[in-house]
Amino acid sequence: GPYMISKVSKQPSGIIDSYTLSPFKKFILGEPYIKNITFRFYQNENDLIKAFIDKKVDEISSITPLDAENLKERNYQVESTVLPRVFGLFFNQNVNHIFTDKTVVDAINQAIDKDRIIRDVLLGYGVAIDSPIPPTMIEYRKLNAKTDTSREKILSKVQDDLSKAGWKKNTEGFLEKTTTQNKKKTTTPLEFSISTGNVPELTKTAELIKEDLETIGMKVEIKTFEKGNLNQSVIRPRKYDVLLFGQIINHESDLFAFWHSTQRKDPGLNVAMYTNAKVDKILEDAFVTIDEKERIKKYGQFEEEILKDMPAVFLFSPNFIYIISKNLKNFKISNIITPSDRYLNAYSWYIDTENVWKVFTNK
């Protein structure tokens, strides 16, 4: 790479305060324009933003859409690009059997206003999705044409479909279904809980989803957990009805970890507890397929099967947000897989420029 670590600053506890980089003289593309780069680390977002405003640092990342908009209004330069992250509602049919009803799952998918989540939660820093494959992997996705159908018509059809499937509203306005087996009537309420992390973007997303679903008669409870508790007490033992969760898909082969049936139990990442022998075979074959066209074809088949079975409702892919100094030139942030990819062309960044008389410039 163009740089090497020349200095490390630590606190007495061992926590890193900063790294200083200097040019690596054997870098194949020559010496970078910027002589030194220092990475500084902060304990929270408020300290990070304060350091930026106080000009102690020139660029910052890992901030919320709200803070990004606030800085944008103050005329700071905000750069962003979509990350290969897939956030969605993952259904646990083993805990709540109503998700075996395709009409219910389809109703959830149709009733959620994903564009409102992008607008009101992410403030435009993200894109709505309907696939397990992130939008950054364009070659693997079959883009569906957006419908112009109004929300009113969509909700009306959803309610009609639920009614035809036997779901009727009770005196409280919530849906329930009565079935008879061996001359015994059983009433099943259409209710479930959504478990998620105690993060502002996720809790607000859950609240908007709750509003949308209660509009059509579904009763929803939101359960929020701190990150450690969510992993240990909820995700690992698979104790949830629905999990509002995000998948990091840096490479198409990562889809194996999230959807192959062998990954259903901890420490596997198949949080939808999804089982489909056909999908297993597709993922196994795609994993070892070298031919790109054939691999793309297989992941297309994988996407079709997932959308047919609907083990999850896919919501959005968020943007990576980066605030940079207006003095930084030749900065490019596009098609990044991980946040560190923003440094891929760091060797060509520059800050200082020289004035040249017009007589010496090309016209």
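**Entry 1. A pair in helix α6**

I began with K210 and E214, whose side chains meet in a salt bridge at 3.0 Å, N to O. I note here that the model is a predicted one. The two residues stand four apart in helix α6, so about one helical turn separates them. I then looked up their accessibility: K210 is partly exposed, with a relative accessible area of 25%, and E214 is likewise partly exposed, at 30%.

**Entry 2. Other salt bridges**

How many salt bridges does a search of the whole structure find? I recorded 16.

I next examined E305 and K278, whose side chains form a salt bridge at 3.3 Å, N to O. E305 belongs to helix α10 (residues 292–309) and K278 to helix α9 (residues 277–288), so this pair ties together parts that are 27 residues apart in sequence. Is E305 buried or exposed? I found a relative accessibility of 8%, and E305 therefore counts as buried, the limit being under 20%.

I also looked at R119 and D120, whose side chains meet in a salt bridge of 3.3 Å, N to O. R119 is partly exposed, with a relative accessible area of 49%; I note that a residue counts as exposed over 50%. D120 is also partly exposed, at 29% relative accessibility.

Lastly under this heading, I entered a network of salt bridges that links R116, E211 and D212.

**Entry 3. The nonpolar cores**

I turned to the largest nonpolar core, which holds 38 residues. Which of its residues touch the most other members? I listed L89, I108, L162, F192 and M218. I then asked which elements give two or more residues to this core. On the helical side I noted α3 (102–111), α4 (114–120), α5 (151–164) and α6 (200–215); the strands are β6 (85–91), β11 (191–197), β13 (242–248) and β14 (312–324).

Apart from this core lies another, of 29 residues, and I noted V234, I235, F245 and F314 among them.

I followed L162 further and set aside its neighbours within four places in sequence. The remaining contacts of L162 are T103, V104, A107, W167, L175, L190, I216 and M218.

**Entry 4. S18 in strand β2**

I closed with S18, which I located in strand β2 (residues 16–23). S18 counts as buried, with a relative accessibility of 8%. Which residues is S18 in contact with, leaving aside neighbours within four places in sequence? I recorded K7, V8 and S9, together with T38, F39, R40 and F41.

Methods:
Residues numbered from 1 in each chain as written. Predicted model: local features only at pLDDT ≥ 70, side-chain atom pairs only at ≥ 80, totals over all residues. Heavy atoms only, no water. Core = buried A, V, L, I, M, F, W, Y, C linked by side-chain atoms within 4.5 Å. Buried < 20%, exposed > 50% of the residue type's maximum accessible area, 1.4 Å probe, protein only. Contact = heavy atoms within 4.5 Å. Salt bridge = Lys/Arg side-chain N within 4 Å of Asp/Glu carboxyl O.
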